[in-house]
Amino acid sequence: MNEPFQPGRDFAVDLDRGDPLARFRGEFHIPRRDNGEEEIYFAGNSLGLLPRRTPKYVDEELEKWRRLAVKAHFSGENPWMPYHELLAEPMAQLVGASSSEVVTMNSLTVNLHLMMASFYRPTRERHRILLEEHAFPSDDYALESQAIVHGFDPAEALVRLRPGPGRHTIDDADVADVLERDGESIALVLLPGVQYYSGQTFDVEAITRLAHGKGCVVGFDMAHAVGNLVLSFHEWDVDFAVWCTYKYLNSGPGSVGACFVHERHGMQPDLPRLAGWWGHDKESRFRMEPGFRPIPGAEGWQLSNPPILSLAAIRASLDVFREAGGMEPLREKSVRLTGYLEWLLREMGNAVEILTPRDPRRRGCQLSLQVKSIAPGRTVFERLQAAGVTCDWREPDVIRVAPVPLYNRYEEVHRFVELLRKAL
Ligand SMILES: Cc1ncc(COP(=O)(O)O)c(C=O)c1O
């Protein structure tokens, strides 16, 4: 996309003036530097900012605890027993699913293991797992441990996709080649929606179709995709997906994760799973009898009663997304905001290499930068920090920068590039 961008600050200020989502910045607490100025916060890919309304939502639950205590499970406004149900519809809308296909529970890695208990059912002939090289380490460990639990050697069982020579990202054609070659021995394809290090996306729909054609089960780690991209898990026919809510979903450090199970699986009560009482039929749960009968849909994978304070924070955040009109308008701004950042960086010359793909369809809001100046990347990153920029450093040599459409401005992008120029 070739937007007619211009280099001056006035241009950025004009873009902010014309931004229909500009008011949503006011919905967030923007961290401040010691001198009182607002930081340039480009780390929403790591921890999203606190929505101003979140304390109210959390306080309501604390107040119910104070006034009603155990009775709040069943009485008062929004009783705790079915509290997680309040999140199903708004979360499902964000990921393109029906509400019965989505549940908010546990954390990402726990959900990944739960999903693999059901969907990684290896046989001697078909037991391999396809993932990307340098996957997020938690995924790597989880997949490796699953192979071991099933009696396979991870060195053989894990098939790692690599970027071709001289490239930083994996092409969809690379995935297709591996599936063509090894598909019949692959039990599970587990890829990210957005790769955390490079910021590249994968074509979820095409990969799912190809992998299903080879008889593989397909799951996605959507930690960096939910709240960032427009998603259609149901239509894309993904078997399962897992994600967290503390990044683009602004729900607080370590907040509860979420999980998608396609209804074609969710409606099968006999599907093997690791079970707990919160996944048991709601009508009979409190009879406390043996004999697990799962709730139909993704809820049937719940184990424990959920942390309400964390769910309250997620509810607050999902309300902000709803008010912003959902992912379409946010993504429209995001493509422009990140496109502007990319344009300004390229205007600067060769001092910074952008590892993230150029095509907006192949990335979310994040750009991953490799510094090519005399000053080492780590030093440049530290100088940016000292100048009031919060972005993040990923070993060995990448600065990740994520302007988020809900609360970042074009003017901040402009200022960031000026500060980067100085830091170099
Ligand atoms: C891509 C990706 N996968 C998995 C995780 C692990 O998430 P959790 O600690 O919630 O299990 C993270 C955490 O940042 C992540 O970025």
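This passage walks through the sheets, the salt bridges and a surface patch of a predicted model.

A good place to begin is the seven-stranded sheet. Its strands follow the order 2-8-7-6-5-3-4, the sheet is open, and the pairing is mixed. Strand 2 (102–104) and strand 4 (158–161) take the edge positions; each has a single partner strand, so one side of each is left without a neighbour in the sheet. Reading across this sheet, neighbouring strands are turned against each other by 20° on average, with direction ignored.

Strand 7 (residues 240–243) is a helpful strand to follow residue by residue. On one side it carries F240 and V242, on the other A241 and W243, and all four are buried, so that both faces of the strand are covered. For a reader new to the term, a residue is called buried when its relative accessible area is under 20%. Strand 7 also shows what mixed pairing looks like in practice. With strand 6 (residues 217–221) it runs parallel, and three bridges join the two. Here F220 stands opposite A241 of strand 7. With strand 8 (residues 258–261), the pairing of strand 7 is antiparallel and extends over four bridges. In this pair, F240 faces V261 of strand 8.

Elsewhere in the seven-stranded sheet, strand 3 (residues 128–132) and strand 5 (residues 186–192) run parallel and are joined by three bridges. Within this pair, L130 has V189 of strand 5 as its bridge partner. Helix 5 (residues 137–149) packs on the sheet and touches strand 3, strand 4, strand 5 and strand 6. The direction of helix 5 makes about 150° with that of strand 4.

The model also holds an open sheet of four strands, in the order 9-10-13-12, and here the pairing is antiparallel. At its edges lie strand 9 (352–354) and strand 12 (392–394), each of which pairs on one side only. From one strand to the next, the twist averages 35°. Between strand 10 (residues 367–371) and strand 13 (residues 398–401), which run antiparallel, there are three bridges. One position to look for is L367, which stands opposite V401 in strand 13. This sheet has a helix packed on it as well: helix 12 (residues 327–347) touches strand 9, strand 10 and strand 13. The direction of helix 12 makes about 15° with that of strand 10.

Attention now turns to charged side chains. Across the whole structure, a search finds 39 salt bridges. One of them links the side chains of D14 and R17, with 3.0 Å from N to O. Both residues belong to helix 1 (residues 9–17), where they lie three residues apart, or about one turn of the helix. As for their surroundings, D14 is partly exposed at 45% relative accessibility, while R17 has a relative accessible area of 66% and is exposed.

How exposed or buried are the partners in other salt bridges? The side chains of R23 and E27 meet at 3.8 Å, N to O. R23 counts as exposed, at 51% relative accessibility, whereas E27 counts as buried, at 17%. In the salt bridge between R33 and E37, the N to O distance is 3.5 Å. R33 is partly exposed at 26% relative accessibility, and E37 is partly exposed too, with a relative accessible area of 44%. Salt bridges can also share partners, and in this way R23, E27, R53 and E323 are joined into one network.

The last feature is a patch on the surface. F74, W277, F286 and M288 together make a nonpolar surface patch of about 460 Å². Among these residues, M288 is found in the loop between helix 10 (263–266) and helix 11 (308–323). M288 has a relative accessible area of 56% and counts as exposed, because exposed residues are those over 50%.

How values were computed:
Residues are numbered from 1 along each chain as its sequence is written. This is a predicted model: local features need pLDDT of at least 70, side-chain atom pairs count only at pLDDT 80 or more; totals for chains, interfaces and linings use all residues. Side-chain values use heavy atoms; hydrogens and water are left out. Patches are made of residues with over 30% relative accessible area and no salt bridge: like charges are joined within 9 Å, nonpolar side chains (Val, Leu, Ile, Met, Phe, Trp, Tyr) within 5 Å. Accessible areas come from the Shrake-Rupley method with a 1.4 Å probe; for residues, only the protein chains shown count as cover. A salt bridge is a side-chain nitrogen of Lys or Arg within 4 Å of a carboxyl oxygen of Asp or Glu. Buried means under 20% relative accessible area, exposed over 50%, partly exposed in between (1.4 Å probe, protein chains only). Two strands pair if DSSP finds at least two bridges between them. Axes are lines fitted to C-alpha atoms, for helices over the stretch in contact, and angles run from 0 to 180 degrees between N-to-C directions. Contact means heavy atoms within 4.5 Å.
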